[in-house]
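Here are my notes on the model, point by point. Please read them with the structure open.

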Amino acid sequence: MTSSANIYVDDGSYNKLLSYLMGLDQSQLEEFKICLQSSQLLLGNFQQIPWANLKAIDPTNLLCLLSEYFSERQIWEVTLSIFDNMNLTSQCTEVRAMMNELAQTQGSQDPSQEEPEVPEEEKDHRRRYRERMKAKILMMWDNIPWPEDHIYLRNVTEKEHEGLKSLLYPNRTGAQPQTIVLEGLAGVGKTTLAMKVVLHWAEGFLFHQRFSYVFFISCHKVRDMKDTTLAGLLSWDWPDSQAPIEALMSRPESLLFVIDGFEEMDVPSTLDESPPCKDWYQQLPVNRILFYLLKKELVPLATLLITTKEYRTTDLKKLLLNPWFVQIVGFTEGDREEYFIRYFGDQNKAKKILNWVRKNESLFHFCSAPMVCWTVCSCLKRQMARNPHFQLSTQTTTSLYVYFFSSLLATAEVSLSDQSWPDQWRALCSLAAEGMWFWKFTFAKKDLKHRHLEAPVIGSLLRLNILRKVSNCEDCVTFTHQSFQVFLGAMFYVLRGVRGSIGGPPKHQEMKVLLNDALADTNFYWNQMALFFFGLLKRNLAEELEDTLRCKMSHRTTDELLEWADELESYDLVSSCFEFLHFFECLYETREENFVRQILSHLLEADIDIFGSLQLQVSSFCLKHCQRLSKLRLSVSSAIPQTELTFNLETLETRPHSKIRQWQDVCSVFSNGNLTELDFSNSKLNAFSMKKLCYELRNPRCKLQKLTCKSITPVRILKELVLVLYGNHRLTHLNLSSNNLGIPVSTMIFKTLRHSACNIQYLWLESCGLTPLACRHLFLELSKNSSVRFLSLGDNDLSGVEVKSLQGPSEMPESSLKELSLWFCQLGTPSCKYLSDALLKNKSLTHLNLRKNNLRDEGVKFLCKALSHPDCSLQNLDLSDCSFTAEGCQELANALQHNCNMKILDIGSNDIQDDGVKHLCEVLKHPKCALNTLGLEKCNLTPACCQYLSSVLRSSKSLFNLNLLGNDLEPRGVSTLWKALKKSTCKLQKLGLEKELYNIVKGELEELQERGSFLRVKCKWDFNDLEDKWWW
């Protein structure tokens, strides 16, 4: 394969080759691709192209792919060889003539010159257009107002060229994607890269053979333009405003559109309803022209290079056809280190500062943007110069931004009276906040005038690099980095004043909406705005801003926040995806423990993932103040040390390890006196941290009732739970599912269960890799002295002859076990014999779940021997998906004739058909039948069964719930059912029915409900819903 620096053939040769390939019909094109797999046709010594890269490729990208594997001469030779094999005589003649012509001209032709086939007039067009674009990009570049002490890290030209080429060949598999999206945070260099693509093309260094013309379209510049045409839009950058449109239209595959700043565009609400547009001369709003370009309706063969901030990626994906997304990350960690070293000059000092920044994960992430690196460095340098005793450890992200703005503005020279300053700052902050609400980051002169921002203030902010002019938009300004706008937008909500930023609700109501959105959204900028808002509540920072900006902070903000927190009690925060960890991070930013204690007194439940040092730090700070917390899900994967002391090499001192203290603070919430439910599933803990956790769970103040420990790593640490189970009478629920317990761990836990000091009543051991022998051991321990009334062993392999161990319950004449779940335990017909014996000997068992076991008709027959006995106490039986037929239903019907205890029966997902329903209906009509719930989902029922069911519905006094979902009953079947459902004698309250069948009777059902009927139709039976759940 040739190097990526020489992957293009010259434009004249390219045109000819492309015309031959595009002249092939679909079958010929497929044959051409197949021939590329033949070593003979590739003349033996050429590299074969992988079929995965060839099979779905179009002619344009096929030629690009060929040029990656072969030289120009080789492409012609391979094409001739394949055309000859395909018997394309006329094409072979033309290819040979073209090869002879190339052989004569190639030696004397300068590769940097234009191809001879291009007319002189078009050559002149291209030359002048490139000069115009080069001047335009350089002017835009020169107009970017970088701060004087900013460090510009520029890659050497060769590396930069390689990086730019990778944008248009990002997948390196050969085919060039026709739509490439550069996505990333604000300020990481998306627009810079896009501008460099245009500049290096205009200078003739890159892409000049692939693209005849490259157009740079700035979304924020064109969004306010009057209606125009695509031809008119492209003429804007033409030297004489007369673009050669016909020439452009004749070779659309050689055009590249660079569309910068998609986030500035508003998606038209009627875009999907509008007819396709292919006309270059159709007058349209500019945003519609751009959307037709993006959707490949206009100029479908052109290549698109789009830049966008990451929060608009979802919107963009809906518009694009087969896009290739490239994540622009900005400064790498190495770049950040180089920047800090070059800025401070002292390598040791720079690395010490950078290590501190690394610990502040959100700030370190922000530093991927060069302007944030400059902000952090310039702020710290000023503070260190001003205060010799300055301590990094006391700094937060918010404090850095506060000191950055205050130090700049303390020296600013603005001819304004002291009375004008507060209004001007409030106006600036209001502008920033409004921009955040509407995702507006570029502000026109009218926006500044509307906010009454005065020219001296704007001028000062431009000089201080807080604002900057937008290079290609006259009289427009933007914040130098979006984090400045985020910070000032947050500051708006702590300043005095009652008016909101968007002219609607008052400020405190707007603030509540902001927090609700920010803490239920993973949008980086909203999250950062909430972080700054809480950080500005720190007293010394508020005082710093008041002194510098000469404007007062609101004293009501804290009270309004407490009101907001009080309202949180009425929400189900876990199900509403509340970002607890980000909330804790925001509270940690305040460092105000009294305030944090007050606001967290309203928190009743939390869901926390501790996966790094920052998460452990903020969780430890906040959880110790959650005194009313009653439910906690805590997943821990952050490494917690196994030793309590750490040795500092610099000071030669031994001190307590900070992470140990933080873990102790986290565990302290377990003994707050209110926590009743703890789930620390999916955690990775060592023995030391597990012992600390268990120690707090044994605290007399601990009121824990429910403990869930699923998927714990390593499993052996679960042995420490023995300390908790023994002697803790409040703990009644234990879930150890999804842990491969093994013999040592299971033996220790099972032995503890029999102890009189253990009060576990509900035990889940699903998917624990338990063997039949281990289960028999469990039953034996439970039979000796146990409080367990519910046991689930689902998804454990209990198949084989050793399933006799399930007769264990027969050894428990006085057992407290009432509910037993053995779903998907590989049980078969033999198992049912022992289960039948157990049902007769264990009088306490009322619930049995055998779902997803291959019991078949013979197995059901064994079970029915026990069910038909008057002494059988079973009330709830789940036999769904157990592979039995109507014959099994006949056995169940016979058993139910003698059983007055059975209340709930689920036999869904069995092939019982109409005959099976008929057998059951005969017994359901019996006055002594107590069945109130019957599950018949996915039983291959037809309309014929509805006659039997109607008879039951008219006469049964006990049947309240019937699930018929997943059966094709057809309208006539539903009509039959409905006649019975309308009868006053029908007691049914809930019916499961497919949506299209429900729609048939929806109107009549509403009329029935208006007359007082309790009947409801469910189109989806949700077993996580307490109302739909038949099992405990």
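**Notes on a predicted model**

1. Start with Glu263 in this predicted model. Outside its neighbours within four places in sequence, Glu263 is in contact with Thr307, Thr308, Lys309, Tyr311, Arg312 and Trp439. Glu263 sits in the loop between strand S3 (255-260) and helix H13 (286-294).

2. Check the charge on Glu263. The residue is buried, yet it has no salt bridge. Its nearest side chain of opposite charge is Lys309, 4.2 Å away. The salt-bridge cut-off is 4 Å, so the pair does not count.

3. Trp439, one of the contacts of Glu263, has a phi near 55°. That is a positive value in a residue other than glycine. Trp439 lies in the loop between helix H20 (420-437) and strand S6 (442-443). It counts as partly exposed because its relative accessibility is 22%.

4. Lys852 also calls for a look. Its phi is positive, about 60°, although Lys852 is not a glycine. The residue is in the loop between strand S19 (847-849) and helix H37 (856-867). At 36% relative accessibility, Lys852 is partly exposed.

5. Inspect the peptide bond from Thr713 to Pro714. This bond is cis, with omega near -10°. Pro714 is in the loop between strand S14 (706-708) and helix H33 (722-725).

6. Now the cavities. The structure has seven of 30 Å³ or more. The largest has a volume of about 150 Å³. Its lining comprises 13 residues, and Lys136, Phe216, Ile217, Trp236 and Asp237 are the closest to its centre.

7. What is the make-up of the lining of the largest cavity by class? Eight residues are nonpolar, two polar and three charged. Strand S2 (213-218) gives the most, with four residues. Helix H10 (219-222) and helix H11 (230-235) each supply at least two.

How values were computed. Residues numbered from 1 in each chain as written. Predicted model: local features only at pLDDT ≥ 70, side-chain atom pairs only at ≥ 80, totals over all residues. Heavy atoms only, no water. Buried < 20%, exposed > 50% of the residue type's maximum accessible area, 1.4 Å probe, protein only. Lys, Arg positive; Asp, Glu negative; His and termini not counted. Contact = heavy atoms within 4.5 Å. 1 Å grid on protein atoms, 1.4 Å probe; cavity = no way out; pocket = protein on both sides within 12 Å on 5 of 7 lines; lining within 4 Å. Points joined across faces, edges and corners; volume = space filled by probe spheres on them. Nonpolar A, V, L, I, M, F, W, Y, C, P; charged D, E, K, R; others polar.
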